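Please open the model in your viewer and keep the sequence panel beside it. The stops below go from the whole chain to its cores and then to a single side chain.

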Amino acid sequence: HTRYWRDWSSDVCSSDLVAAFRDDALASGEIHAAFNIASVHRAGVVFVCHNRSGLPLGDLGDGYAFPTRAVDATDVLALLDVLTSAIDRAREGRGPTLVDAVFPAPRTTAAGVEPTPDGLSRLRRHLESLGLWNAARDHQVQAETLTAVEGALETAARIPGPDPATLFTHLPLAPHQRPGA
């Protein structure tokens, strides 16, 4: 990851970039190096953290001189709004933004575990209220999706498995195993 960030850092100021990562990547130095580079160059980068821990990042971006915007990742419309404003900010040359896309953790109550919010159902209800979705369209999309998935699975099943003789072909060799050593 570090090499990737270094390669684009010299010319990224003239373009947009959305970099998505999981919250566990915050434990690595590479993501913090990327934050630093983007901040120093005021790069048009939108960092999107897929935050499955449910723990908000707070003002993490403040430490790198750019804002952090938290959003419920299951709310498609709210996520679209936050991403649109972050991309607009990047295009205006105002530097990077960290989007904390939080996936709510299931809550345990005396009655058991409550389900997490269903973003697709919420979006469906919104589209129905606008007259943009109905049962027929829903059935059509589900049938098209099922056909596409089945076709992809059939294609994948026809791909021959790897030759067992190549199992170690692309593994790095220890120095004493290299040709000429």
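With the whole chain selected, the accessible surface comes to about 12200 Å², of which 59% belongs to carbon and sulfur atoms; such areas come from the Shrake-Rupley method with a 1.4 Å probe, and for residues only the protein chains shown count as cover. This is a predicted model, in which local features need pLDDT of at least 70 and side-chain atom pairs count only at pLDDT 80 or more, while totals for chains, interfaces and linings use all residues. Residues are numbered from 1 along each chain as its sequence is written, and side-chain values use heavy atoms, with hydrogens and water left out.

Colour next by secondary structure: the chain has five helices and six strands, taken as DSSP runs (helices H or I, at least four residues; strands E, at least two) and numbered from the N terminus.

Now select Phe 21, Leu 26, Phe 35, Phe 47 and Leu 98, which touch the most other members of the largest nonpolar core, a group of 16 residues. A nonpolar core is a set of buried Ala, Val, Leu, Ile, Met, Phe, Trp, Tyr and Cys residues joined through side-chain atoms within 4.5 Å. The largest share of this core, four residues, comes from α2.

Finally, select Thr 68 in strand β3 (residues 68-72). Thr 68 counts as buried because its relative accessibility is 15%, where buried means under 20% relative accessible area, exposed over 50% and partly exposed in between (1.4 Å probe, protein chains only). A polar atom of the Thr 68 side chain lies 2.8 Å from the backbone nitrogen of Gly 61.

Methods
Polar contact = N/O pair within 3.5 Å; in protein donor to acceptor, adjacent residues only side chain to side chain.
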